[in-house]
Amino acid sequence: MQPFTKNVITVIKNIPTGKVMTYSQVAACAGSPRGARQVVRILHTMSEKYALPWHRIVNIKGEITIKDAVHQKTLLENEGIVVTQAFTLNLEQYQYKVEPIDFDL
DNA sequence: TTAGTGACAGGCA
DNA sequence: CTGCCTGCCACTA
């Protein structure tokens, strides 16, 4: 498995309940500042196999932009996160700042 | 092989 | 913040 993929999985699994991260934030932390799209792909591919909290990943605006937004909204609310009817949340309040992770750098 | 697409983001108006 | 445009990278037709 590529380091990037492994790092993304590690980062996502480290997101505490009640917090969220943006795609680029995860990508940057995993070693690829412009890998937001790849994070998406990894979520699609690995979320089920690795039991990743994919619902804690939102875009830079704090908005849920996936097809099954209703489902994600439900999961987030289940963790105590307030999501508006427009599928947005308060990033200032919920965004999780990760510690600089070493990984293989 | 090239072209189009997507659960995105940054720069600019 | 919103909208539009461009860059990004992997996947599919």
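These notebook entries record what I looked up in a predicted model of a protein with DNA strands B and C.

**Conventions.** I worked with a predicted model, in which local features need pLDDT of at least 70 and side-chain atom pairs count only at pLDDT 80 or more, while totals for chains, interfaces and linings use all residues. Residues are numbered from 1 along each chain as its sequence is written, chains are lettered from A and ligands numbered from 1 in the order in which they are written, and side-chain values use heavy atoms, with hydrogens and water left out.

**Entry 1: α1 and α3.** I took helices (H or I, at least four residues) and strands (E, at least two) as DSSP runs, numbered from the N terminus. I looked up how helix α1 (residues 3-13) meets helix α3 (residues 36-46): their axes come within 10 Å and cross at roughly 75 degrees. The axes are lines fitted to C-alpha atoms, for helices over the stretch in contact, with angles from 0 to 180 degrees between N-to-C directions. The two helices are therefore roughly perpendicular (65 to 115 degrees). For the contact (heavy atoms within 4.5 Å), I listed F4, T5, V8, I9 and I12 on α1, and Q38, V39, I42, L43 and M46 on α3. By class, I noted eight nonpolar, two polar and no charged residues in this contact. Here Ala, Val, Leu, Ile, Met, Phe, Trp, Tyr, Cys and Pro count as nonpolar, Asp, Glu, Lys and Arg as charged, and the others, Gly among them, as polar.

**Entry 2: the buried side of α1.** I then listed the buried residues of α1 (under 20% relative accessible area, 1.4 Å probe, protein chains only): F4, T5, N7, V8, I9, V11 and I12. These residues pack against β1 (21-22), α2, α3 and β2 (57-58).

**Entry 3: DNA strand B.** I looked up the residues near this strand (a heavy atom within 4 Å). I found 15 around strand B, the closest being R37, R41, H44, T65 and K67. The largest share comes from α3, with six residues. By class, the surface has seven nonpolar, five polar and three charged residues. Of the strand B atoms within 4 Å of the protein, 49% belong to sugar or phosphate and the rest to bases. I recorded a polar side-chain atom of H44 at 2.6 Å from a base nitrogen, and one of Y23 at 2.9 Å from a base nitrogen. At the backbone, a polar atom of I60 is 2.8 Å from a phosphate oxygen of strand B.

**Entry 4: DNA strand C.** Around this strand I listed R37, Q38, R41 and K61. By class, these comprise no nonpolar, one polar and three charged residues. Sugar or phosphate accounts for 81% of the strand C atoms within 4 Å of the protein, and bases for the rest. A polar side-chain atom of Q38 lies 3.1 Å from a sugar or linking oxygen of strand C.

**Entry 5: K73 and E77.** Is K73 buried or exposed? K73 has 17% relative accessibility and so counts as buried. K73 is placed in helix α4 (residues 69-77) and touches I64, V83, T84, Q85 and F87, leaving aside residues up to four places away in sequence. E77 is also in α4; at 36% relative accessibility it counts as partly exposed (from 20% to 50%). I recorded a polar contact of 2.6 Å between the side chains of E77 and K73. Such a contact is a pair of N or O atoms within 3.5 Å; within protein, one must be able to donate a hydrogen and the other to accept it, and residues adjacent in sequence count only if both atoms are side-chain atoms. The C-alpha atoms of E77 and G18 are separated by 8.6 Å, at 59 residues apart along the chain.

Definitions and conventions. Angles under 35 degrees count as roughly parallel, over 145 as roughly antiparallel, 65 to 115 as roughly perpendicular and the rest as oblique.
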